[in-house]
Amino acid sequence: MSIRNRLLFWLLSGLAILGVCFMVADYLIDRALLADIYDDQMNQIAFAIPANFSGGDLEKNTPALKYDGDDSILQIWDNNGKLSYRSHPDIVLPPFPTPGYSEAQWHGNEWKLFVRKTDHNLIQVAQSLDGRRNIALDHALRSLVPLLIFLLIMGLLIHWSVGSGLQSLTRLSQELAKRTPDKLERLASQDQPQEIQPLTQAIDTLLQRLGVALESQKKFIADASHELRTPLATLQIQAQLVEQSLGSGREAAALADLKAGVKRSSHLVDQLLMASRLEFGGMHDPHVPLQLHEIVRQVTIDFIPYANSRKINLGVEQLDAGIIMGSEYHIPILVRNLIDNAIRYTPSGGQVDVAIRAGNQKIVLEIEDSGPGIPPEERQRVFDRFYRCLVPQAAGSGLGLAIVKQVTEQHEAEVYLERAGRLPGLKASVRFNALVPT
């Protein structure tokens with residue numbers, strides 16, 4: 001059901017219910033007023049009859065009345081119980097002895113009675129209560145036609161006014177239907193009703209976010225395509241060299257180069273997938289309490305064989321216990337990337353130290369190495385995707401620190417690079433908010 005028809009139905013239903021309530025109230029009020037008026041009328045009729053009334057005079061001078069349903073019926077009996085007068089010959093009620101007002105059942109109908117006793121007569125005035133109700137009901141039903149006309153006019157007005165108010169939504173939907181991914185500018189809102197403007201502002205915000213996401217996705221795809229081109233070309237050349245080396249005795253060296261190229265390409269693809277996941281869906285990963293020192297300890301142990309293969313002395317300098325809120329999937333990746341970078345860029349025979357330092361409401365992860373370090377003017381740029389320093393040993397994907405930056409932003413943490421204190425190389429630090437037990 002459309003909004004217009006729904007509003008029309010509920011508003012007219014409400015008005016119809018109010019109209020029926022009005023008619024019922026009108027009926028009850030009229031019935032009460034008629035009861036007072038007719039009771040006074042019956043009293044006046046009874047006391048208008050003289051106390052020594054002789055029915056013969058009234059019978060001679062007054063024509064017989066025809067009963068009309070709501071008439072007051074006057075009947076007079078003398079002391080001998082003889083009916084000396086009756087106003088309506090076709091209806092004769094029995095005498096009721098109780099003086100004053102009373103109600104009685106006669107021939108299946110309810111009657112209101114007023115009885116006056118004099119020294120010579122019993123004067124009784126009766127009126128049908130059904131007749132009174134019918135008068136009140138007729139009066140109430142007379143308002144039914146004006147009510148129906150009122151509902152018809154209100155229905156037309158509501159139909160027109162709702163349609164006029166919904167034109168803004170119709171124009172808004174038509175404008176949205178024309179939008180394309182390359183046309184996401186703000187919607188026109190100068191002529192919109194005040195109630196529609198918050199919706200337009202919310203859609204504008206959504207379009208702006210969608211534009212940023214699409215632009216970021218385009219840039220990511222362009223960067224990834226550019227970065228994948230070089231290793232794939234290298235793999236192609238190395239495969240040709242393997243083919244040319246067959247039977248020459250240099251097969252083993254050519255295959256070793258090809259395997260190394262495949263490994264670098266695989267590492268690049270893994271990093272690309274991770275960066276993509278963080279950028280387009282990482283914010284939805286749930287954060288849970290994590291023991292950071294346990295994660296760092298386990299990742300460090302995992303890297304020991306790789307460090308040994310490169311003759312790097314990898315160790316833990318300090319490991320304070322600490323709990324943070326974070327993604328159990330992304331935090332290990334952050335630690336792994338930092339330690340991998342330190343080992344990768346440290347010359348053979350060097351040293352990498354890992355530390356966890358717990359302070360007041362903060363937990364700091366520190367990784368120092370004895371490598372060449374990063375010049376101060378490049379320490380911010382290395383967090384950009386695919387940016388590489390001009391370091392002779394550099395063989396990374398250019399995504400490791402960019403991923404670290406994304407993870408820290410999603411955890412409201414801070415990452416910064418500086419010259420190491422104890423070792424001659426670089427120190428990477430990540431400052432987390434500690435989870436304080438309650």
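## Helix packing in a three-domain chain

Helices α1 and α3 are oblique to each other, because their crossing angle falls outside the ranges for roughly parallel, roughly perpendicular and roughly antiparallel. Their axes cross at roughly 140° and come within 8 Å. Helix α1 covers residues 3–48, and helix α3 covers residues 129–141. The crossing is right-handed. On the α1 side, the contact uses M23, D26, Y27, D30, R31, L34, A35, Y38, D39 and M42. On the α3 side, R132, R133, I135, A136, L137, H139, A140 and L141 take part. By class, that gives 11 nonpolar, 1 polar and 6 charged residues.

This is a predicted model. The chain is split into domain 1 (3–147), domain 2 (180–284) and domain 3 (288–433). The C-alpha centres of domain 1 and domain 3 are 101 Å apart.

**A second partner for α1**

Helix α1 also packs against helix α4, residues 144–177. Here the angle is about 155°, and the axes are 10 Å apart. The two helices are therefore roughly antiparallel. This crossing is right-handed. From α1, the contact draws on I3, R4, L7, L8, L11, L12, L15, A16, G19, V20 and M23. From α4, it draws on L144, L147, F150, L151, M154, G155, I158, H159, V162, G163 and L166. This contact counts 17 nonpolar, 4 polar and 1 charged residue. M23 of α1 meets α4 and also touches α3.

A UniProt annotation falls in this part of the chain. The unreviewed entry marks residues 7–29 as a "transmembrane region". In the model, that stretch is 100% helix and 0% strand. Its end C-alpha atoms lie 33 Å apart.

**A pair further along the chain**

Helix α8 (residues 330–345) packs on helix α9 (residues 400–410). Their crossing is left-handed. α8 supplies H330, I331, I333, L334, N337, L338 and N341. α9 supplies G400, L401, I403, V404, V407, T408 and Q410. The contact has 8 nonpolar and 6 polar residues, with no charged ones.

The table sets out the geometry of each pair.

| Helix pair | Crossing angle | Axis distance |
|---|---|---|
| α1 and α3 | roughly 140° | within 8 Å |
| α1 and α4 | about 155° | 10 Å |
| α8 and α9 | about 145° | 9 Å |

Conventions. Residues are numbered from 1 along each chain as its sequence is written. This is a predicted model: local features need pLDDT of at least 70, side-chain atom pairs count only at pLDDT 80 or more; totals for chains, interfaces and linings use all residues. Side-chain values use heavy atoms; hydrogens and water are left out. Axes are lines fitted to C-alpha atoms, for helices over the stretch in contact, and angles run from 0 to 180 degrees between N-to-C directions. Helices (H or I, at least four residues) and strands (E, at least two) are DSSP runs, numbered from the N terminus. Angles under 35 degrees count as roughly parallel, over 145 as roughly antiparallel, 65 to 115 as roughly perpendicular and the rest as oblique. A crossing is left-handed if the near helix is turned anticlockwise from the far one by less than a right angle, and right-handed if clockwise. Contact means heavy atoms within 4.5 Å. Ala, Val, Leu, Ile, Met, Phe, Trp, Tyr, Cys and Pro count as nonpolar, Asp, Glu, Lys and Arg as charged, and the others, Gly among them, as polar. UniProt positions are given in the numbering used here, feature names are shortened, and annotations may be inferred rather than shown by experiment. Domain bounds come from an automatic or database domain assignment.
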